[in-house]
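Reader: Could you take me on a close look at one part of this assembly, the place where two of its chains meet? I would enjoy one connected account.

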Amino acid sequence: MFVSNKFLSKRRVNSVGQGKVSQSLAVFFSLLASMFIVAAAQAEVPNAKPPTGTHSGEDVPQPIEFPHDVHVDVNGINCMYCHTYARRSKVAGIPPTSKCMGCHSIVATDKPRIKKLTEYWEKNEPPQWNKVHDVPDFVHFTHEKHLQRFVFKNEGMDVANVSEVCAFCHGDVKKMTVAEKVKPLNMGFCVRCHEQNDGPSDCWKCHK
Amino acid sequence: MSLKNILENWSHYRQTIEDGGHYEYEHMWGMAIDLNKCTGCNACSVACYAENNLPTVGKDRMRKGQGMHWLRMERYWDEPEMGGEEKEYQERGGSFLPMMCQQCNAATCEPVCPVAATYHTPDGLNAQVYNRCIGSRYCSNNCPYRLRYFNFYSYYEESWPEPLNMQLNPDLSVRDKGVMEKCTFCIQRIRTGKDKASREDRTVQDGDIVTACAQTCPTEAIVFGDLLDQKSQVTKLWKAQQVELGKTKQDKANTELRGYRVLEGLNTDPCVMYMDRVREA
Amino acid sequence: MQTKDINENIAWAKINEDVLRSMENPRMGYWVALACCIAMISVAVVAEIYQYQVGMGPSNLNWPHMWDLYIATFVFWIGMSHSGTLLSAILHIIQADWRKPIYRFAEAMTTFSLMTAGLFPIIHLGRVWNMYWVLPYVSDRGIWPNFRSPLVWDAFAITTYLTSSALFLFIGMIPDLAICRDNARGWRQKLYTVLSMGWQGDDRQWRHFRKIYLLMACFLIPLAVSVHSIVSADFAMSIMPGWHVTTFPPYFVAGALYSGCAAIITLFILLRYFFRFDEYMTIPIMEKTCKLTFAIAMVWTYLNIIEFAATWYGHDMVAKELLINKFIGPHAPFFWAMLFLGSVLPFTLAFEKLRRHLPTMFVVSLFLNLGMWLERWMIVTPTLSYSYQPFAWDVMWPSMVQWSIVFGSFGWFGMLFLIFVKVFPSVSMYEVKEMVFHRRHYHSDEVANKLHRRASDDQSGAEPTREGA
Amino acid sequence: MSGSDINRRDFLKFMGLGGVGAATLSGCDMPTTVTLEEGKEKVVAYLAPEEYAIPGIGVTFASTCQQCPSGCGVHGRVREGRVLKLEGNPEAMNGKGLCQMGQASLQGHYNPDRITQPMARKGGSLVPVSWEDAWELMREKASGTAQGRSAWFTGTVSGHQSVLLAALNKAWGSKDHYVYEAINNAVGESVNEAVLGDAAPAYRLDKAKAILSFGADFLGTWMSPVHFSREYAAKFRGGDRGVLIQVEPKMTLTGANADLWVAARPGTEGVVALGIANVLLSKNQVDGKRLPQAALDVISQYSVNKVTEITGVAGDTLVRIAEYLKERSPSLVLSGDSAHGHVNGYQNAMAAMMLNVLLGNVGKTIEASNSVVFGELKAKRGNSKAMLDFASAADAGKYDVVFFMGANPVYTAPTHLAMAEKIAKVPFKVALSMFVDETTMSADLVLPVQSPYEEWGTSVAPYQPKEAAISMSQPLMKPLSAETKSLGDILLSMLKYHGVKGYEGYEDYYAYLRSELDNMPASVKAGKDGDAFWSSAVQKGFIKAPTKPGSLNINLGDVKQGGYQAGGDYPMHLVPASNQTMYDGRNANLPWLQEAPDQITKIFWDSWVELHPKTAAKLGVKEGDFVRVESDQGAIEAQVYIYKGVHVDAVAVPMGRGHEGYGRYAKGNGVNPLKILSPAVDKKSGELATHATRVRISKTGRSEELPRLGGSEVQVGRRLVSTVSADVFRRTEGA
C-alpha cells in the first residue's frame, strides 16, 4: 500500500479517535489488550502477521446465552467442530440445532439454557440468533480461503490452534460467553492485513 | 485500487501480447461466438437476467432507454447494398449479434473512471466495483460498444416484489441507484470454479467455468474459456480462425476465415471473437 | 457623443463619489432582481433534491445519453470564467489601460461563474454523497482516485483556478477597500477594515502590491488556458467520434474567451445603465471590447471550420457520419442556430454604428452567449446519440429537471453578482485614477503639473512659472 | 449431484430458508439500505440439514420444465433452500441448453401473483377458503355427479398425473377429457397419421441437407424448439452446411435464420409445394414414380406461372427452391402453424408431405417413432378441436362438473365461441391453477396447485420419437406457501375421496410414485432394485426405457388444393403470430419475458402490428402509429412496426398479450389477436383455422414512440455482423 508503515503506526493511535470520544479511554485499554493478544497469536500462528485495529462491541442479546468460553476454553472444543462450514464455504455457519442436541441430549440437560435449547428442538424450530459480525452486503468474505491460507495450507500450523486464527477477526472468543465484536472489520482492517500477508489486492476478490 | 497498483501494475496490465503482457495474467477469459449457429433466440439474455440479479424496469423506463440488459441481442436487417433495398422482402432473414461486455484488454472505460471503480483484473477481466462507483458515467460514454448500463433509479424497489426476491443470487450484489454496471463474464461463477479447483488442489480445467449465457445457449454458439489455456476449446477456435489478441487488424493467412472482433480497429483489443453468419449465396 | 476612453479632467473625488454611490443601499429594482434569482435557485434546489432522492432517471438521461445539459452547462460556465482573467491579466500585461474601468466586475464574474461551474460535476454524479472520492486523500483503505482520468484533472484544475482567481480579485481590491473603509460607517466599516488589511497607501505597500499583482497576473494566464484545455480533455481524451478531436483545447479556450467577452458586454451595459457609470464605462471602451470580441469570434469560427474540414476530408467514417448527422439530423436546428449565433451574428460588432448602439449590443451579446451555450450542448449530446454502435443510437431531449437546474445556475450566478456589486466597488477606483492621471499627463504637462501639485498636497510651493525659462 | 431418496424429503421438511440470507443491496451505501450495527440482522441456523446442504454452496437437482409442452429436463441450482437458477439437463433430450421460457419459468414459481390458498365463489366473487371447506364443497357439488356428466379440460398431460386423471374420469364414468393447446401441430399430426401411420414421426434435422419449412417455426415454438435448435446447430449448420428455406406470411425466428425466406400469400402454401413439385418433375428430372398417379395429375396442372399468380411467389424463386431440394439430398419438408391454420390447412400439410414422398425423404429424414413400453404414461397431445368440441358440449349443458387445469380457454378462445358464457352454463367449475387467469376467474372453486419445482411428478415429452424417457420432477425447494398442494396429491386425494379402489394405501402422491416406479417392468428398471432405481431416476432426472423401432408406410392422400378463405371487404390476412416470449399467453405474467425484446421486432411489454412498407405506405402510417385491425368479429388497436418480413397482403399481430387477469405483469398490456378470429375451421381435421381470418386496417391517428429496443436497424457500414457465402464456409470449415 502507498501509505507507509510509519503512517500506519500513527494510524493505529488515530483509530482511537474513530470510536466515540466517551469510550476512547476504554478503547485505548482494549487496544492495548488486543495488541497483547495479537502478540500472543503471532507466537502461535506461523508465517502470518495478524491484522491490527480494534472496535468496542456492544452486547448483543441472544435467544440463548451461548457460553463460548465453556465450550472452547474449558472443554477445549475446536471452533470448527461447531462452525463446521468455515473450511468448506464462504460462511462459517451457525451450528444446526441437531448438532447441539447431539451432545446436550445427554450433557448438562438440567441447565436452564439447555432446557431452552431443548424446547426449540422439540418445537422443531431453530433459534433466531442475532448477527454479531456483519460486513456490508457488497463484501463477499470467504472463510474457506482464509482458513486455507492460515491453517490448512500453512505448514507448521497446528489445526488445534485454529482459534488463534479465528481471533484475527473475531477477537479472543474463547474468553467470551456470547460473542462480541472487538475488531473493526472495515476495509482498512482487511486491506492492511492483506498487505502484510501479501493477500490479493484485486478489488473483485471481495467486491462483486 | 491502491496507488501502488495504479503506478506499477496498470502499465503492464495494458501491455499487448507482443510485450508478453498477457503472460502476467492468471487467466485471460475470452469468448468465441459463432453467428452461424446463433439463432437470436434471446435465451442468453434471459439467462443473464436470472443469473446476475438484473432488474426488470417496466415498459416506460425500458422505452426511455433505461433498461438493464447486460447481454443484448442485437438484430440488424441486411444493408441496402446487400440486396435488401430493391428486393420486396428480407430474403435472408435478420442478422443477430449477441453483445455482452467485450472485456477489452485496452478498455477505453478504464482510464476515464475518476475513482478507478473500473479496472483490469489479473484474470484479464474488465472489473466494475459497484461500491466504489460514484456514477460519473464517463465509462459508459467512452465505451464504443455502449455495453455499460446505469442504475437510473433504485430499481430493486419495484423489481422483486415478494417472493420474487427469493430468486436473487446471493453470490453477487444487488445494485442501487447511481451505480454503473455491466457484464462480468459471470465473475461469481469464475470465483466459485476457482475456489472449487483450489479446494481440490488442481488448476482450473476447461469447462469448469461456464457463463450463464454460454451454458443456456441451445445451439452452443457461445463458447467461453481461458485464452491462456492452450488446450481450451475457445483457444482452439481463436487459433482456427487465426484471430489474435493485441492486434488492431488481423493478418490472416487465410483471409476467408470468419473470425473477427467487433470494432477491433479502435484498438480496444476485445476478448470476444465473433464468427460471421453464413448464408447460401 | 463620447470619443475618449475617459474624460481625463474628471476630479478624483468625483470618481470616489460615483463608485461609492453604486454601493449605497439598493432601490426596489435591486430587491426584485435578487428575488427573481433566489426564486430560480429554489426551483433548481427542489429539482436537485428530487433527483437526489429518486436517481438520475427523472432527468431523462438514458442509455446511451449518460451526459447531457449538466456537462454542457458546466463547460459553458467554465468558459464564462475566462473573461476576467483575459481582461485583468492579459490586458494588464500588454498594458492596455482601457481595461481599468471594467476589469473589476469581469474578475468578479470569473470567480462567480467558477463557483457555478463547480456545482455541475457534482450535480451530475449518480452518487453525489461520494463526490469527495474524486479527491486524493489519505484513507484507511489506501485507495486513491484514478489519476489518469480527466475528471480528476478537472477537480484539480477548477479548485486551483477558483482559489487563485478569487485571490486575484481580492488583492486587486485592497486599495479600493481602503477607500471604502474610510468612507463607510457601521458594519461596512468593520468589514472593510478587516478586508483592507490596514492599507495605508504608502510606497512600501504600493511596491509590494504592484509586484504581487503582476505576479498573480502572470500566474493566472497559463492557468486559465490550462483549465479550459483540461476541460476539453474530458472529451478529447475519449475515443468517441466528435469528441476525439485534436483541436479541442484551443477550440475550447477560444470559445471560452468568446463567451467571456460577450458576457462582459452584457454586464458592462447593465452596470453602465443602472449605476450611471457613463463616465467610466464609456462607449469607446465598449467599442474596444466589441472589437476584441469580434476578433475572438473569428478565431472561433476559423477553428470550427478547421474541425469540420478535418472531419470531412479525414478517414474516420464514423466521425464524418456524425458530422452529417449534426448538419441534417434531429439536432440540426440547434446546430445551425449555434453556427449562426456564433459566426454570423458577431458581424454586427464589425459596424461602428451598431457597436455604439448599446441596446443592440445588449441583445447581441445575450445571443452570442446563447450561441456559445448551444455550442457546448452540440458538442456533448450528438456524439452520444450517434456513435459507433448503431444499435445504441437514440435521440433524447432533456427533461424539466435538467432544464430547471440549468436555469437555476443562472439564478445562482446572478445572486452572487448582485450581492457583489452592492458590497464591493464594481469599478476599480484607484486604477481609474491612474488611468485618468496618465491620460492627463499624456495630454498636457501643464495640467499634469497642476495635478501634481494638487496631488502632492503642497500649498506653499510656488506656481511653476514658465517665464524666463 | 443429488440427494438420495428418503433424505430429500427431510431436506425439504427441515431445511427452511436458513444459513445466510438472500443477496441484499449493495453498490449503495445509502444509510437506509445497509446496516452494520451488531445484532440488527437475524441469522437462522438449520435445524437438521443434510450433509450436502452447506450454506453458501449451491447444489443442483434435476427436474423437468413445464413452461411449454416440450418438457425439457432441467438442473436447478439450490442454495440455502432456494432454487436460484435453471440449466438444461445435459443428458436429457434438450441437452444443456434451455430456451428463454425455461429460464423464466423460475419467475412463474416465485411469482407474486400466485394463488396461495383455495378459493370458492361466494356471492359472485372468489373468496379464500380453507382446504376443508374446499373438499366439503367438492363433496356436495362434485361427488354426486351423475355418470358421464363431468369432464376434464386440460393442457398437454402425461406421466402418472395423467394416469390418475384417467382413473378419476373413469370413476365418474366420463370419457370426456379435452386436451387443448392453442399452439399445436394437430393438422400435421393428422396428415402424418393418414400418410405415414405415425402421428409424430422423427424429423431428423441432423440428417437433412436441405430443409423446406412451410411456416414450421422449429427454432421458436414448433413442438420441441430446444431439441430442434440443437440438431439444427450441431449438424445442419455444421460442416457441410444445409440450406434452410422458409415459406411463410410473417417472419418467424426460424424464418429469420433462413438462407432463403419466401413470403407466400397466406393459405396458398400447398400451391407453392405443388409448384415446386411441378418444377422438380419437369425441370429437375426427379422421378415421379414415388407418387400416385392422381397426385401427378394434380401437380401437372400447377405450372410455374399459375402458381406465381396464385401465391405471389416469383417463378425463379420456385426454380431456385427446386434446385436446392434436388441438389441437397436428403431434404426435409415441414409444415407448421401458418400453413395449417387455414380452412385448407389439411391440404397444405398434405402437399408438404407429398414433397417429402416425392423427394424420398420418408425413411431418410423422417423416421418412424419408436413404440414404448409405458403407453399409458405417454403424453396426450393437445389440439384446438378439443376446445371447439368442449364449447359446444358445454353449450348443450352436457356437464355438471368441469375441471380445468393447465389451459386457459377463456383467454385463447375467439370471441365468436363466447367461451366465458358457455362455461358459465356449467353448474360447477373447478380450476386447478397456480394463477388467477381468465379461466380461473370464471371458476366456482379454485384449488391452488404447486409449481413444477415444488412437487413430485413424472412427465413424458410429447415429442421424443427416438428415445423413450420418463422425466422426473422433484421438489427443488419447500413450497412457498403451505396451503398449496401438488397436482398429484390433489388428484390422489380426489380418487381416495371417491373411494376408487387401489389408492387407499398411498399416504400421498410421493408414496404412490415410489410404488409405481417399483412396479415398472424390469426392462425399464434395468436390473436396479427399488431404492437404487428410484435414486438413479431422481438423480438423472429421467428414466430411459427401451424402445422398439416402429415403421412407416406411405399412402399419400389427395393433394388437390383450393377453397381458401374468401376476402370480401376484408382485404388483409390476419396472422396471429406465435412467439417464444409470450407463447400462447401463459408467459405474460413473467416480467423477464415481458421485458425480453421480441426476437424479430425487438418490441417489449406490448403488442404490435407488423406491416410491409408498401402496405404502410398505402395506409399512410409510420412506425409507432396506432392502427385498427378489424375483422367481422371485432377489432383491436396496436402500434405499427414496419419491415420487409411480412407479406404485403398480411398483417401480423403476436399472440399472448392482452390479458384481463393473470396478475400484475400480464393484466392490461397489449391486445389479443385471437379474440377477433373468424369462425373458420380446417375442413378435414376440424382444427380451428387460426390464420384464416381476413381483416381490414385503418388509421386511428394516435401515435406514440414504439416500445422497441435499439436505434438503427442497419449496420451503417460498420462490420458488426457481415455475411459470408456458404461456399466459402464449406471451403474453410467444411467437414
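Author: Happily; what follows is a walk through the contact of chain B and chain D. This is a predicted model, in which local features need pLDDT of at least 70, side-chain atom pairs count only at pLDDT 80 or more, and totals for chains, interfaces and linings use all residues. Residues are numbered from 1 along each chain as its sequence is written, chains are lettered from A and ligands numbered from 1 in the order in which they are written, and side-chain values use heavy atoms, with hydrogens and water left out.

Let us start with the extent of the interface. Chain B brings 89 residues to the contact and chain D brings 107, where contact means heavy atoms within 4.5 Å. Between them the two chains bury about 8200 Å², 55% of it on carbon and sulfur atoms; buried area is the accessible area (1.4 Å probe) that two parts lose on being put together, summed over both. On the side of chain B, R63(B), Y89(B) and E280(B) lose the most area to chain D, together 10% of what that side buries.

Now to the polar side of the story. Twelve salt bridges are counted between chain B and chain D, each a side-chain nitrogen of Lys or Arg within 4 Å of a carboxyl oxygen of Asp or Glu. One of them joins D171(B) to R79(D), with the closest N and O atoms 2.2 Å apart. Helix α2 (residues 43-51) of chain B gives the most to the side that touches chain D, with six residues; helices here are DSSP runs of H or I, at least four residues, and strands are runs of E, at least two, numbered from the N terminus. By class, this side of chain B has 39 nonpolar, 24 polar and 26 charged residues. Ala, Val, Leu, Ile, Met, Phe, Trp, Tyr, Cys and Pro count as nonpolar, Asp, Glu, Lys and Arg as charged, and the others, Gly among them, as polar.

Across in chain D there is a helix worth lingering on. Helix α2 (residues 100-109) of chain D is mostly covered, with ten of its ten residues buried, that is, under 20% relative accessible area (exposed is over 50%, partly exposed in between; 1.4 Å probe, protein chains only). Among these buried residues are Q100(D), M101(D), L106(D) and H109(D). Their cover includes α2 and α8 (212-216) of chain B, together with β5 (82-88) and α22 (591-595) of chain D.
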